[in-house]
Each structure stands twice: as structure tokens, then as C-alpha cells.
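Hi everyone, and thanks for coming. I'd like to walk you through a structure that may be new to you, so let's bring it up on the screen.

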Amino acid sequence: MSQFETPLFTGLLEHMKKNPIQFHIPGHKKGAGMDPDFRDFIGENALSIDLINIGPLDDLHHPKGIIKRAQELAAEAFGADYTFFSVQGTSGAIMAMVMSVAGPGDKIIVPRNVHKSVMSAIVFSGATPIFIHPEIDKELGISHGITPEAVEKALKQHPDAKGVLVINPTYFGIAGDLKKIVEIAHSYHVPVLVDEAHGAHIHFHAALPLSAMQAGADMSATSVHKLGGSLTQSSILNVREGLVSAKHVQAILSMLMTTSTSYLLLASLDVARKRLATQGRELIEKAIQLAEKTRRQINEIPYLYCVGEEILGTEATYHYDPTKLIISVKELGLTGYDVEKWLREMYNIEVELSDLYNILCIITPGDTERETNALVHALRHLSEQFRHQAVKGTKPKVLLPDIPALALTPRDAFYAETEVVPFEKSVGRIIAEFIMVYPPGIPIFIPGEIITQENLNYIKKNLEVGLPVQGPEDDTLQTLRVIKEHKPIR
């Protein structure tokens with residue numbers, strides 16, 4: 001196979017050139033039946049390949065032609081035995097990954113700082129999560145990965161676990177020793193599932209953390225759209241056969257995925273794979289060099305700190321992705337959200353995320369010095385404008401969420417008889433809904449956990465500064481849904 005091929009995209013172009021008369025969906029019929037303003041903006045080319053799974057174009061649920069070929073090329077590029085395309089994003093791929101190994105009552109070992117899609121999969125599957133505490137960075141106020149030692153301890157206590165899930169790398173670009181974790185899990189004949197949402201590019205450059213497939217993992221859900229150049233919502237699920245069955249994984253993925261699959265998304269995966277496989281190393285090298293230059297410039301600005309390789313040195317911070325710029329702003333007496341809003345309003349700059357203490361900016365092959373110079377210039381202005389309120393002497397204390405005790409399985413809690421109680425009076429109750437700040441989408445509470453005052457305080461702090469707290473039915477967070485208490489009749 002040649003990685004310069006794009007069988008899916010090429011097949012769509014050939015079909016478009018034939019210009020067949022369409023008596024099938026989508027109903028806009030190449031844009032003719034669509035609002036003209038939107039059609040003119042999107043363009044005829046894009047609309048002409050917004051098609052459906054008719055014979056010549058193959059079917060993602062049962063691929064035998066151009067989609068099958070495109071997936072085989074992706075498997076070769078990412079070092080997998082099989083690669084499946086997902087138009088349900090990486091969330092859909094993660095749910096398929098979890099549900100393909102764990103069913104009702106099965107144990108699955110997961111870090112507590114997992115994305116909400118992992119916990120959704122655990123609710124759907126009925127599995128019981130065995131949580132590992134991630135290493136907490138008390139300077140930055142963020143969670144890192146899990147350590148091999150913690151995985152070994154969890155497997156000794158739960159050798160009947162059906163899988164170990166690892167985040168590699170984290171949203172902030174930090175990676176643990178994945179290869180060692182895989183070796184430990186495999187010694188127990190337990191498969192390793194990797195949330196690789198933020199690592200589509202790492203497979204293609206030696207200076208970046210090992211990819212899941214390079215480390216010997218069994219499955220990885222990879223957001224090609226995040227850092228690999230495809231359209232938003234397009235992702236892949238890589239599989240290594242042995243401890244898992246690729247056919248079973250495909251069946252679960254098909255159950256979760258729409259039958260009206262977007263060929264625009266699928267074609268974008270095909271061409272993104274080609275570019276990563278044939279030009280990835282040089283493109284990523286340029287992004288790394290640009291990020292490193294930007295990091296040095298930011299670290300020359302008073303009261304700002306951009307994390308570099310000095311963060312390495314523990315088993316949870318074994319490697320990192322330098323294209324992620326974690327910029328700590330707490331010494332300026334500002335929250336990350338304050339800075340996000342200021343950059344938007346003053347310089348029309350949008351960041352990847354903000355939290356109580358940091359902003360996160362990502363550098364990709366789509367960036368040039370024009371963009372990074374604008375960021376550095378804006379941050380210099382920020383430092384000058386707010387230096388009068390900069391924290392002197394003792395560094396500000398970092399508030400971190402507690403990891404609550406799990407009293408019920410997430411599924412039992414989610415489907416239990418519930419009631420609504422005031423937010424302030426919920427301490428000690430078992431929560432029946434998710435609460436998280438998104439992004440990054442790591443739950444503060446998941447269904448089945450005992451509500452703590454510390455986490456209520458953490459939620460209130462995020463709300464006070466304007467961060468997007470999501471999940472509860474009551475979006476004002478005046479009330480929470482909890483498991484109903486059945487008190488004795490007196």
C-alpha cells in the first residue's frame with residue numbers, strides 16, 4: 001500500500017464527476033434544495049460530496065470497498081492491526097472501546113480524571129470502575145497521568161479486571177510511562193485501552209511521547225480532528241488483536257454510530273492520514289520549533305510561566321508534548337478565565353481552554369510566527385496592565401477538587417430513584433448526575449459518588465469566576481439530583 005493514496009476521497013471525487021441524478025438522501029441534492037445563503041458560503045464542492053452510503057461509495061458499517069481500503073491505510077500508518085473510522089468523535093470511539101471489554105458487573109481500572117465519555121460508557125455498560133488517583137500537580141492545579149506502580153497495585157487487588165484505561169497524553173500534553181503500564185497489564189492478561197484524544201500526531205515524531213500502538217496497547221481512541229488535520233468530529237479507533245477481538249469492537253462501534261455517516265468527515269480522515277504519514281514528521285517538527293520559541297518568549301514575561309521539560313521527572317510526568325503551551329497566570333492575581341476573556345476582547349485571540357490558574361494554547365502545523373507573535377505581544381501587554389496586582393512573596397494557594405468515595409456503581413446511581421435537593425444541603429448524599437467543567441470535561445462528581453463540602457466549594461469557585469460548569473439538570477446549580485433516601489416509618 002502507498003500512503004500517498006486517498007482511496008475514499010478519490011472515490012468521492014470520481015463519483016462527483018459522473019454527476020449522477022440522485023433519488024436518495026441527503027435531501028439537499030448537492031445543495032440545490034438548501035438555503036442559498038448557506039449553500040453559497042459552504043460551496044458546491046463540499047455539498048457535492050455530502051453523500052450517503054450508496055453502493056459505489058461503500059458503507060462504514062460493513063466496509064468492502066473504498067472505506068475498507070482507507071481504513072487499512074490508516075491501520076498501517078498508525079501501527080495498528082485494524083483501524084475503524086468514527087463520525088461520532090472520539091467520545092463515540094471511547095464508548096465503543098470500553099463497552100467492547102466490560103459488561104454488567106465487570107471491573108475496569110480507570111484514572112479518576114477521565115473524560116465524561118468514559119464514565120458515560122461505564123453507565124451504559126453497567127461496569128464497575130476501579131479508580132486510580134492520578135498524580136496531582138499542586139503548582140499548576142491540574143491532574144497528570146497514572147503511574148505504573150498504581151496500575152500494578154490496582155491489578156494485584158483486582159486481577160479479574162477486564163481492562164485498564166490510560167490517558168496518553170493528557171489534555172495538557174503530559175504522558176506517563178505507557179510502555180511500562182502495558183507490560184504490567186499484559187502480565188495479568190488484561191488489555192490496555194488508551195484515550196489518545198490529544199495524541200493523533202505523537203505517532204509521527206520521535207521527540208513526542210510514544211503513541212498507544214508504539215507502546216503495545218490493545219486499543220486507542222484517537223482524535224484526528226484535534227491535532228491531526230481532519231474535520232471536527234472525525235476520529236479513529238485503533239485495535240491490536242490478541243486480548244481483544246477486532247470484529248467485536250467493530251460490532252460495538254456500529255451499534256453506537258449513526259447509519260447516516262458523513263462522507264465529508266470520512267474523506268477528511270483519509271486525507272489527514274495521508275498527510276500525517278507522508279509529511280507528518282517535518283510538519284510536526286516545525287510546530288515543535290515554533291512552540292519552543294514561543295515558550296521561551298513567554299517565560300521572559302514577568303509573572304507568567306509557560307511549562308517546559310522541567311516538569312518531567314516522575315513516572316506520571318514521563319514525557320510531554322511541547323506543542324501544548326500551559327501558561328500559568330496565577331501570579332498576576334488573575335484566573336485563567338479572566339485571561340481568556342481579556343485576550344478575546346482586547347486581541348481577538350481564542351485559547352484552547354482556561355481554568356482557575358492557567359490558559360492552554362496549542363501549536364499545530366496550521367500556525368506560523370504571525371499567530372505566535374500576536375500571542376506573545378498580547379501576553380506582554382497583559383503582564384504590564386496587571387502587574388500592579390501581581391502576587392508578591394508567597395505563591396497563591398491552589399484549590400484542587402477532592403476525589404469522592406464511590407458508594408454505588410455509576411449505572412445503579414444513574415437509574416436509581418432520585419430526588420432534588422438544594423445545592424448547599426447536598427453534602428453526604430449520593431449524587432445521581434455528572435458535574436464537570438468543560439473543557440476539559442473531567443467530572444468533579446460522577447453518579448454514585450458521595451458529595452463532599454470540598455467539591456461543592458470547588459464548584460462554587462469555578463462558578464464565581466465564570467468557568468463553564470456543566471452536567472446537572474439544573475443549570476443554575478441551585479439544586480442537585482441525588483439518590484432518594486428511604487427513611488424508616490415512625
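Let me begin with a term we'll need in a moment: a salt bridge here is a side-chain nitrogen of Lys or Arg within 4 Å of a carboxyl oxygen of Asp or Glu. Please also keep in mind that this is a predicted model.

With that in hand, take Lys180 and Glu315. Their side chains form a salt bridge, at 3.2 Å from N to O. What does this pair link? It ties together distant parts of the chain, 135 residues apart. Lys180 sits in helix 8, residues 178-187, while Glu315 is in the loop between strand 11 (305-306) and strand 12 (319-320). Lys180 is partly exposed, at 37% relative accessibility, and Glu315 is partly exposed too, with a relative accessible area of 29%.

How many salt bridges are there in the model? The count comes to 18. Another of them joins Lys107 to Asp160, where the closest N and O atoms are 3.3 Å apart. This pair also links distant parts of the chain, with the two positions 53 residues apart. You'll find Lys107 in strand 2, residues 107-111, and Asp160 in the loop that runs between helix 7 (148-157) and strand 6 (164-167). Lys107 has a relative accessibility of 23%, so it counts as partly exposed. Asp160 is partly exposed as well, at 44%.

Now for a pair of sequence neighbours. Arg370 and Glu371 form a salt bridge, and their closest N and O atoms are 3.1 Å apart. Arg370 is exposed, with a relative accessible area of 65%, whereas Glu371 is partly exposed, at 30%. And there is a network of salt bridges to look for, which links Glu340, Arg344 and Glu350.

Next, a charged residue without such a partner. Asp137 belongs to strand 4, residues 136-137. Which side chain of opposite charge is nearest to Asp137? That is Lys330, at 7.1 Å. A salt bridge has to fall within 4 Å, so a pair at that distance does not qualify. Asp137 is buried and has no salt bridge. Setting aside neighbours within four places in sequence, Asp137 is in contact with Ile142, His144 and Ile311.

Let's move over to helix 13, which spans residues 369-386 and holds His381. Is His381 buried, partly exposed or exposed? At 25% relative accessibility, His381 counts as partly exposed. Beyond its neighbours within four places in sequence, His381 is in contact with Trp342, Met346 and Tyr347. Ile301 is 80 residues away from His381 in sequence, yet their C-alpha atoms are 9.5 Å apart in space.

Finally, some empty space. Rolling a probe the size of a water molecule over the atoms shows where such space is left. In this model there are four cavities of 30 Å³ or more, and the largest has a volume of about 70 Å³. Which residues line the largest cavity? They are Leu60, His61, Gln71, Phe84, Phe85, Gln250, Leu253, Ser254 and Met257. Two elements give two or more residues to this lining, namely strand 1 (82-86) and helix 10 (246-256). Helix 10 gives the most, with three residues. As for character, the lining of the largest cavity has five nonpolar residues, four polar ones and no charged ones.

That's the tour, so thanks for listening!

Terms used
Residues numbered from 1 in each chain as written. Heavy atoms only, no water. 1 Å grid on protein atoms, 1.4 Å probe; cavity = no way out; pocket = protein on both sides within 12 Å on 5 of 7 lines; lining within 4 Å. Points joined across faces, edges and corners; volume = space filled by probe spheres on them. Helix = DSSP H or I, 4+ residues; strand = E, 2+ residues; numbered from the N terminus. Nonpolar A, V, L, I, M, F, W, Y, C, P; charged D, E, K, R; others polar. Buried < 20%, exposed > 50% of the residue type's maximum accessible area, 1.4 Å probe, protein only. Lys, Arg positive; Asp, Glu negative; His and termini not counted. Contact = heavy atoms within 4.5 Å.
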